[in-house]
Amino acid sequence: MSYIRSILEEIGTVLERQEEGGVERIVAALQNKRIFVIGEGRSGLMGKSFAMRLMHLGADVYVVGETITPSIGREDVLVAVSGSGTTQSVVWAARKAKELGCTVIAVTTEPSSELGALASLLLHIPAATKYRRANESASIQPLGSLFDQCAHIIFDAICLGYAASKLEDHSSAFHRHSNLE
C-alpha cells in the first residue's frame, strides 16, 4: 500500500469520527465577529492558513502574535489550536481571552485538557499527536501530522460554510487574494 493511500485512510478514519453539526456550530460562532487565531508549530501554521482563508472570505481576522494584531475584546472569538491541549502559549491566550469575556473555540485532540476546559466551543479532532495517548487514532506518521492534516481539512470545511453564509465565492475571494506577488 502506498504512503499516500495510508495517509488518506488515516485522515478518513479521523474525519468519520467528527461530531455531527460541529462545523456548523463553529460557522455560527464566527458570524459578524472579529476572529483571532493562535497556535504553535505546525498546528499554528494550520491556524494561520485558516486565518488567511477567512480573510479571503471577508472576515475580520487576526493571528495572535503578529505585529498588526489589535487587542481582543468581549465580542471577539479566539480560535485556539493545540493538538495536545497543553501548549502553554495557547492555553495562556485562551485563559486571558476567557477572562476578557471572549468566546474561545478550542481545537484539540483532548477535550479534558487545560485548553478544552477553557473552551466555549470545542472542536474535538480525535487524531494522533506526538504523545500517542490511548484515546488518539493510530498513525504511521510522525508526531502530530495526522492532527494537523485533519485540522486543515476541517478548517476548510468551516470556510466553505462561512463563505456560504456570507454569499462569498471564488470570485470575491480572489478579489481579496494578494496581488503583490
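This passage describes the sheet, a helix crossing, an aromatic pair and selected residues of a predicted model.

The strands of the model form an open sheet of five, arranged in the order 2-1-3-4-5 with parallel pairing. The edges are taken by strand 2 (60–63) and strand 5 (121–124); each has a single partner strand, so one side of each is left without a neighbour in the sheet. From one strand to the next, the twist averages 20°. Strands of a sheet pair through backbone hydrogen bonds, in either a parallel or an antiparallel arrangement.

At the edge formed by strand 2, the pairing with strand 1 is parallel and extends over four bridges. Within this pairing, Arg34 stands opposite Asp60 of strand 2. In a regular strand, side chains alternate between the two faces of the sheet. Strand 2 has a covered face made up of Val61 and Val63, whereas Asp60 and Tyr62 belong to its uncovered face. Asp60 is thus mentioned twice here, as the residue opposite Arg34 and as part of the uncovered face of strand 2.

At the edge formed by strand 5, the partner is strand 4 (residues 103–108), and four bridges join these two parallel strands. Thr108 has His124 of strand 5 as its bridge partner.

Outside the sheet, helix 1 (residues 3–16) and helix 6 (residues 145–165) cross at roughly 65°, with their axes coming within 10 Å. The crossing of these two helices is right-handed. Helix 1 contributes Ile7, Glu10, Ile11, Val14 and Leu15 to the contact, and these residues meet Leu146, Gln149, Cys150, Ile153 and Ile154 of helix 6. Classified by residue type, the contact of helix 1 with helix 6 comprises eight nonpolar residues, one polar residue and one charged residue.

Ile154, one of the helix 6 residues that meet helix 1, has a relative accessible area of 4% and is therefore buried, the limit for this class being under 20%. Apart from neighbours within four places in sequence, the contacts of Ile154 are Leu15, Gln18, Val23, Leu123 and Ile125. Of these, Leu123 is separated from Ile154 by 31 residues in sequence, while the C-alpha atoms of the two residues are 9.4 Å apart in space.

Helix 6 also takes part in an aromatic pair. A pair of aromatic rings is described by the distance of the centres and the angle of the planes. Two aromatic pairs are found in a search of the whole structure. In the pair of Phe50 and Phe155, the ring centres are 4.3 Å apart and the planes lie at 15°, so the pair is stacked. Because Phe50 belongs to helix 3 (residues 41–56) and Phe155 to helix 6, the pair ties together parts that are 105 residues apart in sequence. Phe50 is buried, at 2% relative accessibility, and Phe155 is likewise buried, with a relative accessible area of 2%.

The loops contain residues with unusual backbone angles for their type. Most residues other than glycine have a negative phi. Asn32, however, has a positive phi near 55°. This residue lies in the loop between helix 2 (22–30) and strand 1 (34–39), and Asn32 is exposed, with a relative accessible area of 66%. A positive phi, near 50°, is also found for Leu143, which is located in the loop between strand 5 and helix 6. At 59% relative accessibility, Leu143 is classed as exposed.

The loop between strand 5 and helix 6 also holds Tyr131. With a relative accessibility of 45%, Tyr131 is partly exposed. When neighbours within four places in sequence are set aside, Tyr131 is in contact with Ser84 and Glu136. Tyr131 and Glu9, which are 122 residues apart in sequence, have their C-alpha atoms 21 Å apart.

A further aromatic residue, Trp92, is found in helix 4 (residues 88–99). Trp92 is exposed, at 55% relative accessibility, as the limit for this class is over 50%. Between Trp92 and Leu115 there are 8.8 Å in space, C-alpha to C-alpha, and 23 residues in sequence.

Conventions
Residues numbered from 1 in each chain as written. Predicted model: local features only at pLDDT ≥ 70, side-chain atom pairs only at ≥ 80, totals over all residues. Heavy atoms only, no water. Axes fitted to C-alpha atoms, helices over the stretch in contact; angles between N-to-C directions. Left-handed = near helix turned anticlockwise from the far one by under 90°. Contact = heavy atoms within 4.5 Å. Nonpolar A, V, L, I, M, F, W, Y, C, P; charged D, E, K, R; others polar. Pairing = 2+ DSSP bridges. Buried < 20%, exposed > 50% of the residue type's maximum accessible area, 1.4 Å probe, protein only. Phe/Tyr/Trp six-rings, centres within 6.5 Å; stacked < 30°, edge-to-face > 60°.
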